[in-house]
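Here is a small set of worked exercises for you to try with the coordinates open beside you. Have a go at each task before reading its solution.

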Amino acid sequence: MAKKEERFIKVHSENFESELILVDKETGVNYLFVSRGYAGGLTPLLKPDGTPVVTPVNKYDE
């Protein structure tokens, strides 16, 4: 069975992996994931003008 390529890549983590920044390799949009205990949340990172932070997709091409 072929290995499935992952869509998201972890680019930063803090506090024992409870705070992560993930990048969608298809769109380049950056997301913040925070977990505390049994709860967690995911939100796109936004610039001051309200648009999402986007990393060039080809930066993560292998």
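The exercises below go through the confidence, the sheet, the salt bridges and a few single residues of this predicted model.

**Exercise 1. Check the confidence before anything else.**
Task: find the mean pLDDT of the protein chain, and which strand has the lowest and which the highest confidence.

Solution.
- Step 1: take the chain as a whole. The mean pLDDT is 88, and 89% of the residues score at least 70.
- Step 2: go down to the elements. Confidence is lowest in β1, with a mean of 90, and highest in β4, with 95.
- Step 3: keep a caution in mind. Where pLDDT is low, predicted coordinates should not be read in detail.

**Exercise 2. Lay out the sheet.**
Task: give the order of the strands, and decide whether the pairing is parallel or antiparallel.

Solution.
- Step 1: follow the pairing across the sheet. The 4 strands come in the order β1-β2-β3-β4 and form an open sheet.
- Step 2: look for strands that pair on one side only. These edge strands are β1, residues 8-14, and β4, residues 39-44.
- Step 3: add the geometry. From one strand to the next, the twist averages 25°.
- Step 4: settle the direction. The pairing is antiparallel.

**Exercise 3. Zoom in on one hairpin.**
Task: count the bridges between β3 and β4, and state which residue in the turn has a positive phi.

Solution.
- Step 1: start with the pairing. Strand β3 covers residues 30-36 and is joined to β4 by 6 bridges, the two running antiparallel.
- Step 2: pick out some partners. R36 is bridged to A39 in β4, and S35 has G40 as its partner there.
- Step 3: inspect the turn. The hairpin leaves 2 residues between β3 and β4, and G37 in the turn has a positive phi of about 60°.

**Exercise 4. Trace the salt bridges.**
Task: say how many salt bridges the whole structure holds, and work out why the pair E5 and K25 ties together parts that are apart in sequence.

Solution.
- Step 1: get the total. The search of the whole structure gives 4 salt bridges.
- Step 2: take E5 and K25. Their closest N and O atoms are 3.5 Å apart. E5 belongs to the segment before β1 and K25 to the loop between β2 and β3, so the pair connects parts 20 residues apart in sequence.
- Step 3: compare the burial of the two partners. E5 is exposed, at 60% relative accessible area, whereas K25 is buried, at 16%.
- Step 4: move to R7 and E26, whose closest N and O atoms lie 3.7 Å apart. This pair also links distant parts of the chain: R7 is in the segment before β1, E26 is in the loop between β2 and β3, and 19 residues separate them.
- Step 5: repeat the burial check. R7 is partly exposed at 38%, and E26 is exposed at 57%.
- Step 6: look for a network. R7, D24 and E26 are linked through salt bridges.

**Exercise 5. Connect β2 and β3 through side chains.**
Task: find which residue forms a salt bridge with R36, and list what else its partner touches.

Solution.
- Step 1: identify the partner. R36 forms a salt bridge with E19, with closest N and O atoms 2.7 Å apart.
- Step 2: place both residues. R36 is in strand β3 and E19 in strand β2, 17 residues apart.
- Step 3: check the exposure. R36 is partly exposed, at 48% relative accessibility.
- Step 4: list the contacts of E19. Beyond its neighbours within four places in sequence, E19 contacts H12, S13, E14, F33, V34 and R36.
- Step 5: follow one of these contacts to H12 in strand β1. H12 is partly exposed at 36%, and its side chain makes a polar contact of 2.8 Å with that of E14.

**Exercise 6. Examine one residue of β3.**
Task: decide whether N30 is buried or exposed, and find its polar contacts.

Solution.
- Step 1: apply the cut-off. Buried means under 20% relative accessible area. N30 has 7%, so N30 is buried.
- Step 2: follow its side chain. The side chain of N30 reaches the backbone oxygen of G28 at 3.1 Å, and a polar contact of 3.0 Å joins it to the side chain of T55.
- Step 3: widen the view. Leaving out residues up to four places away in sequence, N30 touches residues including I21, L22, T43, P44 and V54.

Technical notes:
Residues are numbered from 1 along each chain as its sequence is written. This is a predicted model: local features need pLDDT of at least 70, side-chain atom pairs count only at pLDDT 80 or more; totals for chains, interfaces and linings use all residues. Side-chain values use heavy atoms; hydrogens and water are left out. Two strands pair if DSSP finds at least two bridges between them. Axes are lines fitted to C-alpha atoms, for helices over the stretch in contact, and angles run from 0 to 180 degrees between N-to-C directions. Contact means heavy atoms within 4.5 Å. A salt bridge is a side-chain nitrogen of Lys or Arg within 4 Å of a carboxyl oxygen of Asp or Glu. Buried means under 20% relative accessible area, exposed over 50%, partly exposed in between (1.4 Å probe, protein chains only). A polar contact is a pair of N or O atoms within 3.5 Å; within protein, one must be able to donate a hydrogen and the other to accept it, and residues adjacent in sequence count only if both atoms are side-chain atoms. pLDDT is the predictor's confidence in each residue, from 0 to 100.
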